[in-house]
Amino acid sequence: MQGNTEQEQLNLICNFCGSITPEVWPGVTKLDLYRNMQLPENKSRKLKERLRHFARDHNALDLLDKLFILDPSKRANSEDALDHDFFWTDPMPAENLNETLSKLRSSNFDMFSGRNNNRRYNSHVSGAANISHSKVF
């Protein structure tokens, strides 16, 4: 989700997380550039709808939703994220996580950003298996 300009980035965020308004982010009007930006209006939050096919575990989807909350005071911090049920509910992460991760041919960032330039990463991983989005989550 990378825009080419700040305005395009804000549009992408609003299309994914909903419009940035004082109702969802109290205090946003105090930010210097808030009144100068052209923010999309009446956009509903579509995060869970768009990610449900990639994050099939309801705990994973809930964690992602909490990490993408627009209001920083309500957004999950690192401590909250690590204490989330996603990390404490079976199935637990593999015992040998390094071995599992070494089989990946690309990073999740590259897959979700639509970038195709992950050859440098692939060249460092020998004998890696090709994994689709649905198998990553």
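A residue is called buried when its relative accessible area is under 20%, exposed when that value is over 50%, and partly exposed in between. Arginine 45, with a relative accessible area of 33%, is therefore partly exposed, and this residue is a useful way into the structure above, which is a predicted model.

The overall fold comes before the details. The chain holds 8 helices and 0 strands, so that, read from the N terminus on, the order of its elements is α-α-α-α-α-α-α-α. Of its 137 residues, 23% count as buried, and the chain exposes about 10200 Å², of which carbon and sulfur atoms supply 51%. Among the contacts between residues at least 6 apart in sequence, 51% join residues at least 24 apart.

Arginine 45 belongs to one of the 3 salt bridges found in a search of the whole structure. The partner of arginine 45 is aspartate 65, and the closest N and O atoms of the two are 3.0 Å apart. Because aspartate 65 lies in helix H3 (residues 58-67), whereas arginine 45 sits in the loop between helix H1 (6-17) and helix H2 (47-51), this pair ties together parts that are 20 residues apart in sequence. The two partners fall into separate accessibility classes: aspartate 65, at 16% relative accessibility, counts as buried, while arginine 45 is partly exposed at 33%.

Helix H3 also carries a salt bridge within itself, since aspartate 62 and lysine 66 both lie in this helix, 4 residues apart, about one turn of the helix. The closest N and O atoms of aspartate 62 and lysine 66 are 2.6 Å apart. Both of these residues are partly exposed, aspartate 62 with a relative accessible area of 22% and lysine 66 with one of 33%. The remaining bridge to describe joins the side chains of lysine 74 and aspartate 71, with an N to O distance of 3.9 Å; a salt bridge requires this distance to be within 4 Å, so the pair meets the cut-off. Aspartate 71 is buried, with a relative accessible area of 4%.

From charged side chains the path leads to aromatic ones. A pair of aromatic rings is described by the distance of the centres and the angle of the planes. The structure has 2 aromatic pairs. In one of them, the rings of phenylalanine 16 and phenylalanine 68 have centres 5.6 Å apart and planes at 80°, so the arrangement is edge-to-face. Phenylalanine 16 lies in helix H1 and phenylalanine 68 in the loop between H3 and H4, which means that the pair ties together parts 52 residues apart in sequence. Here, too, the accessibility classes of the partners are not shared, because phenylalanine 16 counts as buried at 11% relative accessibility, whereas phenylalanine 68 is partly exposed at 32%.

The other pair is made by phenylalanine 86 and phenylalanine 87, whose ring centres are 5.0 Å apart and whose planes stand at 75°, so that this pair is edge-to-face as well. Phenylalanine 86 is found in the loop between helix H4 (78-82) and helix H5 (97-101). Phenylalanine 86 is partly exposed, with a relative accessible area of 33%, and phenylalanine 87 is partly exposed, with one of 31%. Membership of a patch calls for over 30% relative accessible area, a value that both phenylalanine 86 and phenylalanine 87 pass. Together with Leu82, Trp88 and Met92, Phe86 and Phe87 form a nonpolar patch on the surface, with about 520 Å² of accessible area together.

The cysteines complete the tour. A disulfide is a covalent bond between the sulfur atoms of two cysteines. The count of disulfides in this model is 0. Cysteine 14 is in no disulfide, and the cysteine sulfur nearest to its own, that of cysteine 17, is 8.3 Å away; cysteine 17 likewise is in no disulfide, its nearest cysteine sulfur being that of cysteine 14. As a disulfide needs the two sulfur atoms to be within 2.5 Å, the 8.3 Å between these sulfur atoms does not meet the cut-off. Both cysteines count as buried, cysteine 14 at 0% relative accessibility and cysteine 17 at 6%.

Conventions
Residues are numbered from 1 along each chain as its sequence is written. This is a predicted model: local features need pLDDT of at least 70, side-chain atom pairs count only at pLDDT 80 or more; totals for chains, interfaces and linings use all residues. Side-chain values use heavy atoms; hydrogens and water are left out. Patches are made of residues with over 30% relative accessible area and no salt bridge: like charges are joined within 9 Å, nonpolar side chains (Val, Leu, Ile, Met, Phe, Trp, Tyr) within 5 Å. Accessible areas come from the Shrake-Rupley method with a 1.4 Å probe; for residues, only the protein chains shown count as cover. Helices (H or I, at least four residues) and strands (E, at least two) are DSSP runs, numbered from the N terminus. Buried means under 20% relative accessible area, exposed over 50%, partly exposed in between (1.4 Å probe, protein chains only). Contact means heavy atoms within 4.5 Å. Rings of Phe, Tyr and Trp (its six-membered ring) pair if their centres lie within 6.5 Å; planes under 30 degrees apart count as stacked, over 60 as edge-to-face and the rest as tilted.
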